[in-house]
Amino acid sequence: MFFFFNFDKSKQDTKNYESVSVAIRDIVQSLMESVMDRVLVTDPFVAEEHHAKKPLYAALVPDEIFKGSHFERRFVTPFGSAWEKLAMAVGNVHHGKCTKGATVEGTIGKERLRRIQEVLNRLEHGINGEKKLKPNWDEELSYILAGAGEPIPTSVTCDILINSDLTGETYAFELKGPLPNSDQTKVSKEKMFKLLAMDGNPVQRAYYALPYNPYIKRENYEWSFPGRWFNMKEDSCVLIGDELWDLIGGEGTYQLFISEINKLGKHYKERIYREFLGIEPPEGFDKDTLR
């Protein structure tokens, strides 16, 4: 783990665990019920309409294939905001105040701003024929904070901002999917630098956060695109999976998250087979679970 703080265990009310569990379940269940209502009631797959609009496709490919893609499109869009909604729900329970899309305003020294762009350029291109730098968050941040200069008004909008009643600190999170692209990662790193470079330190901690790890272990994370900007295995500002959720919701939150998702998964998979696809669930349909 790569945290820089210690929670006072005496302040952790065990009732919070049930509250966090309920918060996770309510968010996911609400999203899934919305999806099910849409694909079954307000916007179902109508075979006749599909045949009329795409007769060539219908002649060559079974309806079930397009019925599946119909469901996927109506599932992916609402779940694009699921991680932020989950973070807000558990963050409010554990820390007291968690907001989405909050803007932090302040001033940053002109030389610090120049150094931020210099570091990003060195990571992306190299300068004056030099090789591109390898990411090293602590060294980069130290270099930036050593700058000063005329204060320049700056504002940064955070994906998630926590003002913690528990620790008295403010945490900013750039919350991305588990396989983020390079461009969005660059933007996130610039925002994190600016937040921590602001005069007066309105934000004490800034993190690049991924909600789960498809590679299971931190040391096995191999998705290359964010690796241009962060050392995904070692940088202290990177949180993946349990590191993120246990910080936002308290120790054990990630396991609660996994447990609730898997319980709901069995229920909704069964419904989708029977109510949407119109077939009986195959043996072992609930075998694939989140880990």
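This report walks through a predicted model of one protein chain, from its overall make-up to a few local details.

## The big picture

Let's start with the whole chain. It has 291 residues, and 43% of them count as buried. Ten helices and seven strands make up its list of secondary structure elements. If you draw a box along the principal axes around the C-alpha atoms, that box comes out at roughly 65 × 55 × 35 Å.

## Strand β6 and its neighbours

A good place to look is strand β6, residues 205-210. Five of its six residues are buried, so the rest of the structure largely encloses this strand. β6 runs parallel to strand β5 (residues 170-175), and five bridges join the two. One pairing to look for is Phe-173, whose bridge partner in β6 is Tyr-207. To get from β5 to β6, the chain passes through helix α8 (residues 182-197), and this β-α-β crossover is right-handed.

β6 also pairs with strand β7 (residues 238-240), again in the parallel sense, this time over three bridges. Here Ala-209 sits opposite Leu-239 of β7. The loop between β6 and β7 holds Asn-231, which is partly exposed at a relative accessible area of 25%. Asn-231 and Trp-137 are 94 residues apart in sequence, yet their C-alpha atoms are 7.7 Å apart in space.

## Salt bridges

Side chains of opposite charge can pair when their charged atoms come close. In this structure there are 24 salt bridges. One of them joins Glu-33 and Arg-271, with 3.2 Å between the closest N and O atoms. That pair links distant parts of the chain, since Glu-33 is in helix α1 (residues 15-42) and Arg-271 is in helix α10 (residues 253-277), 238 residues apart. Glu-33 is partly exposed at 34% relative accessibility, while Arg-271, at 19%, counts as buried.

Another salt bridge brings us back to the strands: Glu-174 pairs with Lys-191, their closest N and O atoms being 3.0 Å apart. Glu-174 is in β5 and Lys-191 is in α8, so this contact ties together parts that are 17 residues apart in sequence. Glu-174 is buried, with a relative accessible area of 4%, and Lys-191 is buried too, at 18%. Then there is Glu-243 with Arg-218, where the closest N and O atoms are 2.5 Å apart. Glu-243 belongs to helix α9 (residues 242-249) and Arg-218 to the loop between β6 and β7, 25 residues away. Both ends are buried, Glu-243 at 5% relative accessibility and Arg-218 at 10%. Elsewhere, salt bridges that share partners join Glu-111, Arg-114, Arg-115, Glu-118 and Arg-122 into one network.

## Helix α5

Helix α5 covers residues 82-94, which makes 13 residues. From its first C-alpha to its last it reaches 18 Å, close to the 18 Å expected at 1.5 Å a residue. Which of its residues are buried? They are Ala-82, Glu-84, Leu-86, Ala-87, Ala-89, Val-90, Gly-91 and His-94. Just after the helix, Gly-96 takes a positive phi of about 105°.

## A nonpolar patch on the surface

Finally, have a look at the outside. Leu-56, Tyr-57 and Leu-60 make a nonpolar surface patch of about 350 Å². Leu-60 is part of helix α3 (residues 55-60), and its relative accessibility of 65% means it counts as exposed.

Terms used. Residues are numbered from 1 along each chain as its sequence is written. This is a predicted model: local features need pLDDT of at least 70, side-chain atom pairs count only at pLDDT 80 or more; totals for chains, interfaces and linings use all residues. Side-chain values use heavy atoms; hydrogens and water are left out. Helices (H or I, at least four residues) and strands (E, at least two) are DSSP runs, numbered from the N terminus. The expected span of a helix is 1.5 Å times one less than its number of residues. Buried means under 20% relative accessible area, exposed over 50%, partly exposed in between (1.4 Å probe, protein chains only). Two strands pair if DSSP finds at least two bridges between them. A crossover is right-handed if, with the strands pointing away from the viewer, the path from the first strand over the helix to the second runs clockwise. Patches are made of residues with over 30% relative accessible area and no salt bridge: like charges are joined within 9 Å, nonpolar side chains (Val, Leu, Ile, Met, Phe, Trp, Tyr) within 5 Å. Accessible areas come from the Shrake-Rupley method with a 1.4 Å probe; for residues, only the protein chains shown count as cover. A salt bridge is a side-chain nitrogen of Lys or Arg within 4 Å of a carboxyl oxygen of Asp or Glu.
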